[in-house]
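Open the model in your viewer and show it as a cartoon. The stops below say what to select next and what is there.

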Amino acid sequence: MNENKDLKPEEIRKAIWGLNQKRSVLQSRLMSPPAMVEGCLHKIYKKCGNPKCYCATGKKHGPYWAISRKIETRTKITYVSDKKVIKKATAHKRYNKDLARLRKIDEKIYSWLKVLRDKKTIIYEK
């Protein structure tokens, strides 16, 4: 995970400090979540089925916003027209992305700490 294991301990500490600063900002944002709606937001374009409609030969109708989510083994799609609901679904997506970023930062910090440990560890033999 760490590109350069030849860094000096103070350089590793500086890298960890920088990651910790990013982590702190991300964590404070995650600690105050906005109102959210669960599910994935999609733009859907559809054909209406009327053979005389312009969508029969080219451009489809839409975009229509929809939220999809898994319920047991099936996917449920709910069409949405309310801008507030769309904004809340977008907030849910952003929150999950921030959680993933936090996990990656934690993994990097953990990895750097292991490198730091290994630099200070010797093998003891008699």
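Start with the whole protein chain and colour it by solvent accessibility: of its 126 residues, 22% count as buried. Keep in mind that this is a predicted model.

Stay with the whole chain and turn it until its long direction lies across the screen. Along its principal axes, the C-alpha trace spans about 90 × 30 × 30 Å.

Next, colour by secondary structure. The chain has 2 helices and 3 strands. Trace them from the N terminus and the order reads α-β-β-β-α. For the overall spread, look at the radius of gyration: the value is 24 Å, well over the 14 Å that the globule rule gives for 126 residues, so the chain is more spread out than a compact globule.

Now select residues 9-30, which form helix α1, and add residues 83-119, which form helix α2. How do the two helices lie relative to each other? Their axes come within 9 Å and cross at roughly 160 degrees. Because angles over 145 degrees count as roughly antiparallel, α1 is roughly antiparallel to α2. The crossing of α1 and α2 is left-handed.

Keep both helices selected and show the side chains where they touch. Which kinds of residue make up the contact of α1 with α2? The residues there divide into 16 nonpolar, 9 charged and 1 polar.

For the last stop, go back to the whole chain and display its contacts. Take those with a separation of 6 or more: residues 24 or more positions apart account for 62% of them.

Note on methods. Residues are numbered from 1 along each chain as its sequence is written. This is a predicted model: local features need pLDDT of at least 70, side-chain atom pairs count only at pLDDT 80 or more; totals for chains, interfaces and linings use all residues. Side-chain values use heavy atoms; hydrogens and water are left out. Axes are lines fitted to C-alpha atoms, for helices over the stretch in contact, and angles run from 0 to 180 degrees between N-to-C directions. Helices (H or I, at least four residues) and strands (E, at least two) are DSSP runs, numbered from the N terminus. Angles under 35 degrees count as roughly parallel, over 145 as roughly antiparallel, 65 to 115 as roughly perpendicular and the rest as oblique. A crossing is left-handed if the near helix is turned anticlockwise from the far one by less than a right angle, and right-handed if clockwise. Ala, Val, Leu, Ile, Met, Phe, Trp, Tyr, Cys and Pro count as nonpolar, Asp, Glu, Lys and Arg as charged, and the others, Gly among them, as polar. The radius of gyration is taken over C-alpha atoms; the globule rule is 2.2 Å times the number of residues to the power 0.38. Buried means under 20% relative accessible area, exposed over 50%, partly exposed in between (1.4 Å probe, protein chains only). Contact means heavy atoms within 4.5 Å.
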